[in-house]
Amino acid sequence: MPRPIEALIHTEALAHNLRRARAAAPDAKVWAVVKANAYGHGIEHAYAGLQGADGFALLDLAEAERVRALGWRGPILLLEGCFDARDLELCSRLNLWHTVHHDQQIDMLAAHKTHIGHHVFLKMNSGMNRLGFTPAAYYSAWLRLSGLTQVENISLMTHLSDADGARGIAHQVATFEEATRDLPGDRSLANSAATLRFAPNEPLVRGDWVRPGIMVYGSSPDFPEKSIVDWGLQPTMTLRSQLIGLQQLKAGDSVGYGSSFTAELPMRIGIVACGYADGYPRVVQPGTPVLVNGARSRIVGRVSMDMITVDLTPAPEAGLGSEITLWGQGPHGTTLPIDEIAQSAGTTGYELMCALAQRVPTRAV
Ligand SMILES: *Cc1c(COP(=O)(O)O)cnc(C)c1O
């Protein structure tokens, strides 16, 4: 038997979360943001759950080819655009829409031979200072693009830096609005946090396309302020394993490297086939939650490369082979949001999902 660890990708939960995004922005179209590898889920595993989207937004041209190979005929948007002139040939061949965020991408388009008019998303840097034209340079970029025979359609896009936080988005929305007021074309501003928090009440934020990513993958964009339960989202990735060993501790016995945990009373612990080499964070705080046969318990001692030790007190029936949920959906309808483990590790659900190790067998259910 293979080592009992596995990751499950929940097709129905992906579809549910996507519907949740659509409900928050009912008159907008929805990009399923994939970036690369569907936030660690694997595009092949996630695809079935994401087919209700209006399009796929991704970064990697090879992945765009894979989405076409899976049978997707609708829009695909390259969020970072083309990296060199040859990429435009693939855009023409596979009908990929692409982001334009600097002048050289316009130069490449101007030199590109195609009889297929391209659909581009012109990106504005409205304050995040990552990709995009400044508001002052935006109109001339638009004018240049609109003069090219290679370009058939120009949509307008920006990205929000603080949709999940205290600073908020009003300054960026106002900047974008002012610099695009007289331009035609679809608008796109909102990531997950903006979709959930602002899109329902603010048509300007909703625009014509929303771009939810993390919410689709069952992590709350503003945890711990709001959890996935508060937002009506479901976990889409489960990391689960089994007990492969048991130990009975006496009071005063310690566990694992560095003896970081010492039992105050006699207790039973279980050894789980999962470690940091599987993508479980080594840096979690003591007491991080874990489900044992669906019962909430905690990690004791340090996370090692291939093993984790857990308190079996809440699950006295547990034995060799008992199911351990590290995050996601447990047995009997139980859940352990990935955000709780991420917080304990001082990071986000985004990073944990993306860090799921290659060696963990993954399948869609
Ligand atoms: C990552 C990304 C998104 C989605 O962000 P989430 O916080 O995951 O919803 C949307 N737009 C762009 C340009 C992105 O890079």
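Domain bounds here come from an automatic or database domain assignment. With that settled, let's walk through this predicted model from its overall layout down to the ligand.

The assignment gives two parts: domain 1 spans 10–224, and domain 2 spans 237–364. If you take the centre of each over its C-alpha atoms, domain 1 and domain 2 are 37 Å apart. The two do meet, and the contact between them draws on 14 residues of domain 1 and 15 residues of domain 2.

Now for the ligand. Where does the ligand sit? The space that the ligand takes up is the largest pocket. Around the ligand there are 14 residues, and those that come nearest are Lys35, Tyr39, Ser192, Ile214 and Tyr350. If you sort this shell by class, you will find six nonpolar, four polar and four charged residues.

Some of these neighbours are worth a look at the level of atoms. Start with Lys35: an N or O atom in the Lys35 side chain is 2.7 Å from an oxygen atom of the ligand. Tyr39 also reaches a ligand oxygen, with a polar side-chain atom 2.6 Å away. Turn next to His159, where the partner on the ligand is a nitrogen atom, 3.5 Å from an N or O atom of the His159 side chain. How much of the ligand's accessible area does the protein cover? On its own the ligand has 390 Å² of accessible area, and the protein covers 93% of that.

So that you can keep the picture together while rotating the view: the ligand takes up the largest pocket, with Lys35 and Tyr39 among the residues that come nearest.

Technical notes:
Residues are numbered from 1 along each chain as its sequence is written. This is a predicted model: local features need pLDDT of at least 70, side-chain atom pairs count only at pLDDT 80 or more; totals for chains, interfaces and linings use all residues. Side-chain values use heavy atoms; hydrogens and water are left out. A residue is near a molecule or strand if one of its heavy atoms lies within 4 Å of it. A polar contact is a pair of N or O atoms within 3.5 Å; within protein, one must be able to donate a hydrogen and the other to accept it, and residues adjacent in sequence count only if both atoms are side-chain atoms. Accessible areas come from the Shrake-Rupley method with a 1.4 Å probe; for residues, only the protein chains shown count as cover. On a 1 Å grid over the protein atoms alone, a cavity is a set of points where a 1.4 Å probe fits but cannot get out, and a pocket is an open set with protein on both sides within 12 Å along at least five of seven lines; lining residues have an atom within 4 Å of a point. A molecule sits in a cavity or pocket if more than half of its atoms lie within 2 Å of its grid points. Ala, Val, Leu, Ile, Met, Phe, Trp, Tyr, Cys and Pro count as nonpolar, Asp, Glu, Lys and Arg as charged, and the others, Gly among them, as polar. Contact means heavy atoms within 4.5 Å.
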